[in-house]
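Let's take a walk through this model together, from its overall layout to its pockets and its surface.

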Amino acid sequence: EYIGFAAVFLAAAVIAAADYAIIRKIPYVEMHPVQEKQSFLKYTGCLRSDRRFGMFLFYMFWLNFATNMANPYYNAYMLDQLHLSFTHVMLLTSLQVLTQMLVAPIWGRIANRIHWNRILLVTTAALGVQFFIWPLVTSQSMGLILVIFLTSGLISTGLVTSQFMIPYDYIKPERAMAYLGLATAVTACGGFIGSFTGSRLISWMEQVTLVIGRMVFGSMQINMIISG
């Protein structure tokens with residue numbers, strides 16, 4: 001397994017280096033934008049003067065916090081708890097990516113008719129349902145995992161694109177850099193703290209089990225429920 005991981009990472013590094021070389025050869029027009037001096041007061045001023053943008057940042061923080069509480073540990077759950085092989089995980093991931101490619105043009109047409117905030121609300125709701133389904137996946141209910149990966153492929157393009165596009169609905173042009181900087185920082189901070197919190201919860205609850213009816217939930221499953 002270690003040799004396999006090393007080979008995969010080496011291949012990824014070679015492709016990334018080739019990608020960098022290709023980008024270096026793409027010509028572009030050099031621009032000299034007006035240098036806008038940034039300061040801490042300018043960033044806090046955005047939050048004080050624009051309550052709507054502050055609420056948006058609050059939403060994006062908790063969205064990324066919640067998703068990253070569980071996202072990094074799904075593969076570990078499939079390998080360690082469900083005892084799937086690397087081949088099974090690869091096939092499931094391929095199914096998700098294929099579905100994502102097939103529906104990508106559909107999301108483009110949907111975006112022409114529906115606002116990004118509505119798309120984000122719908123895809124986030126679907127994501128939350130997935131997080132609640134994950135703990136129910138056991139060796140006896142393995143079919144549910146197909147539903148999860150299929151729905152992930154269906155919503156992922158809409159979710160990722162709406163998260164990328166929606167900040168521009170809240171940005172004021174005269175403070176564009178401050179707004180974009182805050183949105184990027186808060187989103188990244190939510191993701192980092194969420195991943196750290198998920199790892200600590202799983203470690204702390206390693207010996208904890210939650211029994212509901214005939215279902216027995218371990219630390220990873222409890223973390224998924226909290227994330228959902």
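Helices here are DSSP runs of H or I with at least four residues, strands are runs of E with at least two, and both are numbered from the N terminus. With that in hand, the second largest pocket can be placed in the fold: H4, strand E2 (215-217) and helix H9 (219-227) each give at least two residues to its lining. Please keep in mind throughout that this is a predicted model.

**Overall layout**

The protein chain holds nine helices and two strands. Read from the N terminus, the order of its elements is α-α-α-α-α-α-α-α-β-β-α. Along the principal axes, the C-alpha atoms fill a box of roughly 60 × 45 × 40 Å. Of the 228 residues in the protein chain, 33% are buried.

**The two pockets**

A word on the idea behind this part: rolling a probe the size of a water molecule over the atoms shows where empty space is left.

The largest pocket contains about 400 Å³ of space. Its lining is made up of 19 residues, and those nearest the centre are Asn 71, Tyr 74, Gln 96, Gln 130 and Ser 152. Helix H4 (74-81), H5, helix H6 (116-133) and helix H7 (143-165) are the elements that contribute two or more residues to this lining. H7 gives the largest share, with eight residues. By residue class, the lining of the largest pocket has eleven nonpolar and eight polar residues, and no charged ones.

The second largest pocket holds about 280 Å³ of space. It is lined by 17 residues, with Tyr 77, Gln 81, Val 216, Gly 218 and Gln 221 closest to its centre. H9 supplies the largest share of this lining, three residues. Here the residues divide into eight nonpolar, eight polar and one charged.

Helix H4 appears in the lining of both pockets, giving two or more residues to the largest one and at least two to the second largest.

**A surface patch**

Which residues form a nonpolar patch on the surface? They are Phe 5, Phe 9 and Phe 86, which together have about 350 Å² of accessible area. Phe 86 belongs to helix H5 (residues 86-111). With a relative accessible area of 42%, Phe 86 is partly exposed, because that class covers values between 20% and 50%. Membership of a patch calls for over 30% relative accessible area, so the 42% of Phe 86 fits that requirement.

**An unusual backbone angle**

Most residues other than glycine have a negative phi. His 83 is not a glycine, yet it has a positive phi of about 60 degrees. Where does His 83 sit? Its place is in the loop between H4 and H5. Is His 83 buried or exposed? Its relative accessibility is 66%, so it counts as exposed, the cut-off for that class being over 50%.

**Distances along and across the chain**

A few residue pairs help to show how sequence separation and spatial separation relate in this model. The table gives them with their C-alpha separations.

| Pair | Apart along the chain | C-alpha separation |
|---|---|---|
| Ile 133 and Gln 221 | 88 residues | 9.9 Å |
| Ile 202 and Met 69 | 133 residues | 9.9 Å |
| Ala 7 and Tyr 168 | 161 residues | 40 Å |
| Arg 200 and Arg 175 | 25 residues | 38 Å |

Ile 133 is located in helix H6 and is partly exposed, at 22% relative accessible area. Its partner in the table, Gln 221, is among the residues closest to the centre of the second largest pocket.

Helix H8 (residues 176-204) contains Ile 202, and Arg 200 lies in helix H8 too. Ile 202 has 14% relative accessibility, so it counts as buried, the limit being under 20%. Arg 200 is instead partly exposed, with a relative accessible area of 32%.

Ala 7 is found in helix H1 (residues 2-25), where its relative accessible area of 46% makes it partly exposed.

Methods. Residues are numbered from 1 along each chain as its sequence is written. This is a predicted model: local features need pLDDT of at least 70, side-chain atom pairs count only at pLDDT 80 or more; totals for chains, interfaces and linings use all residues. Side-chain values use heavy atoms; hydrogens and water are left out. Patches are made of residues with over 30% relative accessible area and no salt bridge: like charges are joined within 9 Å, nonpolar side chains (Val, Leu, Ile, Met, Phe, Trp, Tyr) within 5 Å. Accessible areas come from the Shrake-Rupley method with a 1.4 Å probe; for residues, only the protein chains shown count as cover. A salt bridge is a side-chain nitrogen of Lys or Arg within 4 Å of a carboxyl oxygen of Asp or Glu. Buried means under 20% relative accessible area, exposed over 50%, partly exposed in between (1.4 Å probe, protein chains only). On a 1 Å grid over the protein atoms alone, a cavity is a set of points where a 1.4 Å probe fits but cannot get out, and a pocket is an open set with protein on both sides within 12 Å along at least five of seven lines; lining residues have an atom within 4 Å of a point. Grid points are joined across faces, edges and corners, and a volume is the space filled by probe spheres set on the points. Ala, Val, Leu, Ile, Met, Phe, Trp, Tyr, Cys and Pro count as nonpolar, Asp, Glu, Lys and Arg as charged, and the others, Gly among them, as polar.
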